[in-house]
Amino acid sequence: MPPKFKRHLNDDDVTGSVKSERRNLLEDDSDEEEDFFLVQNQVDEVIDVMQENITKVIERGERLDELQDKSESLSDNATAFSNRSKQLRRQMWWRGCQIKAVMALAAGILLLVIIILIVMKYRT
């Protein structure tokens, strides 16, 4: 099988090659068996290239599916993280309020004890 040449063709190259192929196929003095094998080799090359292209497209589709799954997972994790951070912020705020309330109560009780002691000292 001849080597595969991969290059980009413009429309003029394709049109010219199609015309020359037609001319070669229609010539009476050309050997039909050689032409058949030449065309068969070209068809085989095209089939090989197309199979490679199809394989690459399938692999690309699989990679895109994996990427989409990962992005959906990342989005779900980001949403869960955001919800947990809001919940933690509220818990910390309440804990801060509780600590302030306990400290204010302790200060009030201490102040009350000091006032009671001072009042009892002056009554006696």
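**Exercise 1. Which residues gather in a patch of negative charge on the surface?**

Solution. The model is predicted: local features need pLDDT of at least 70 and side-chain atom pairs pLDDT 80 or more, while totals for chains, interfaces and linings use all residues. Residues are numbered from 1 along each chain as its sequence is written, and side-chain values use heavy atoms, without hydrogens and water.

Step 1. Asp and Glu count as negative. A patch takes residues with over 30% relative accessible area and no salt bridge, and joins like charges within 9 Å; a salt bridge is a side-chain nitrogen of Lys or Arg within 4 Å of a carboxyl oxygen of Asp or Glu. Charges are placed at CG of Asp or CD of Glu.

Step 2. The patch consists of Glu59, Glu62, Asp65, Glu66, Asp69, Glu72 and Asp76.

**Exercise 2. Locate aspartate 65 and classify its exposure.**

Solution. Aspartate 65 lies in helix α2, residues 32-123 (a DSSP run of H or I, at least four residues). Its relative accessibility is 45%, so aspartate 65 is partly exposed (buried is under 20%, exposed over 50%, partly exposed in between, with a 1.4 Å probe).

**Exercise 3. How many aromatic pairs are there?**

Solution. Rings of Phe, Tyr and Trp (six-membered ring) pair if their centres lie within 6.5 Å; planes over 60 degrees apart are edge-to-face. The count is two.

Step 1. Phenylalanine 36 and phenylalanine 37 are edge-to-face, at 5.7 Å centre to centre and 65° between the planes. Phenylalanine 36 is exposed because its relative accessibility is 51%; phenylalanine 37, at 45%, is partly exposed.

Step 2. Tryptophan 93 and tryptophan 94 are edge-to-face, at 5.0 Å and 75°. Tryptophan 93 is exposed at 53%, and tryptophan 94 is exposed at 53%.

Definitions and conventions. Patches are made of residues with over 30% relative accessible area and no salt bridge: like charges are joined within 9 Å, nonpolar side chains (Val, Leu, Ile, Met, Phe, Trp, Tyr) within 5 Å. Accessible areas come from the Shrake-Rupley method with a 1.4 Å probe; for residues, only the protein chains shown count as cover. Helices (H or I, at least four residues) and strands (E, at least two) are DSSP runs, numbered from the N terminus. Rings of Phe, Tyr and Trp (its six-membered ring) pair if their centres lie within 6.5 Å; planes under 30 degrees apart count as stacked, over 60 as edge-to-face and the rest as tilted.
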